[in-house]
Amino acid sequence: MALTKQIIVESVAEKLDLKPLQAKGIIEELLEIMKSTLAAEEDIMISGFSKFQVKKKSPRKGRNPATSKEMILDGRRVVVFKCSGKLRDRINEGQ
């Protein structure tokens, strides 16, 4: 089962003894800060968890699967997630 925003909101509300609406506002604001930071092409570093980076991808050759016609795909920006060593160790505990 995937961890959804709703489950995060409920968990934060329970752990911090907040009303669900208050927790939702906090989570929404955090996500907006993260979105605007990434849109400005700045990195997000969360100690002990991860680093989010925006990487630029160059234009590349591609192919239309319906027609097999070759084309050039535009460059784009993608978000890359790199987990911290602490998170990697925790994920791999007991293996």
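Gly 62 sits in strand 3 of this predicted model, and that is a handy place to begin. With a relative accessibility of 14%, Gly 62 counts as buried, since the cut-off for that label is under 20%. If you look from there to Phe 81, you cross 19 residues in sequence and 25 Å in space, taken from C-alpha to C-alpha. We will come back to Phe 81 later on, so keep that residue in mind.

Let's stay with strand 3 for a moment. Strand 3 covers residues 60-63, and its partner is strand 4, residues 70-73; the two run antiparallel and are joined over four bridges. You can trace the pairing residue by residue. Arg 60 has Leu 73 as its bridge partner in strand 4, while Lys 61 stands opposite Ile 72. As a general reminder, strands of a sheet pair through backbone hydrogen bonds, in either a parallel or an antiparallel way.

What connects these two strands? The hairpin has six residues between strand 3 and strand 4. Ser 68 belongs to this loop, and its backbone deserves a second look: its phi is near 65°, which is a positive value in a residue other than glycine.

Ser 68 has company in this respect. Asp 17 also has a positive phi, near 55°, and again the residue is not a glycine. You will find Asp 17 in the loop between helix 1 and helix 2. Is Asp 17 buried or exposed? At 70% relative accessibility, Asp 17 counts as exposed, because the label applies over 50%.

Now for the sheet. Three strands form an open sheet in the order 1-2-5, with antiparallel pairing. Its edges are strand 1 (44-46) and strand 5 (76-83), each of which pairs on one side only. From one strand to the next, the twist averages 25°. Strand 2, made of residues 50-57, pairs with strand 5 in the antiparallel sense over eight bridges. One spot to pick out along this pairing is Phe 52, which stands opposite Phe 81 in strand 5.

Strand 2 also holds Gln 53. Although its side chain is polar by type, Gln 53 counts as buried, at 14% relative accessibility. The C-alpha atom of Gln 53 is separated by 4.8 Å from that of Asp 43, a residue ten positions away along the chain.

Here Phe 81 returns to the story. The structure holds two aromatic pairs. In one of them, the ring centres of Phe 49 and Phe 81 are 6.0 Å apart and the ring planes meet at 70°, so the pair is edge-to-face; planes over 60 degrees apart earn that name. Phe 49 lies in the loop between strand 1 and strand 2, whereas Phe 81 is part of strand 5, so this pair ties together parts that are 32 residues apart in sequence. Taken with Phe 52, the ring pairs link Phe 49 and Phe 81 into a cluster. How accessible are the two rings' residues? Phe 49 counts as partly exposed at 37% relative accessibility, and Phe 81 counts as partly exposed too, at 40%.

Two members of that cluster lead us to the last stop, the largest pocket, because Phe 49 and Phe 52 are among the residues that line it. The volume of the largest pocket is about 250 Å³. Helix 1 (5-15) and helix 2 (20-39) are the elements that give two or more residues to the lining, and the largest share, four residues, comes from helix 2. Among the lining residues are also Leu 3, Val 12, Leu 30 and Met 34. By type, the lining divides into ten nonpolar residues, no polar ones and one charged. Lys 5 is part of the lining as well, and lysine is counted as charged.

Note on methods:
Residues numbered from 1 in each chain as written. Predicted model: local features only at pLDDT ≥ 70, side-chain atom pairs only at ≥ 80, totals over all residues. Heavy atoms only, no water. 1 Å grid on protein atoms, 1.4 Å probe; cavity = no way out; pocket = protein on both sides within 12 Å on 5 of 7 lines; lining within 4 Å. Points joined across faces, edges and corners; volume = space filled by probe spheres on them. Pairing = 2+ DSSP bridges. Axes fitted to C-alpha atoms, helices over the stretch in contact; angles between N-to-C directions. Phe/Tyr/Trp six-rings, centres within 6.5 Å; stacked < 30°, edge-to-face > 60°. Buried < 20%, exposed > 50% of the residue type's maximum accessible area, 1.4 Å probe, protein only.
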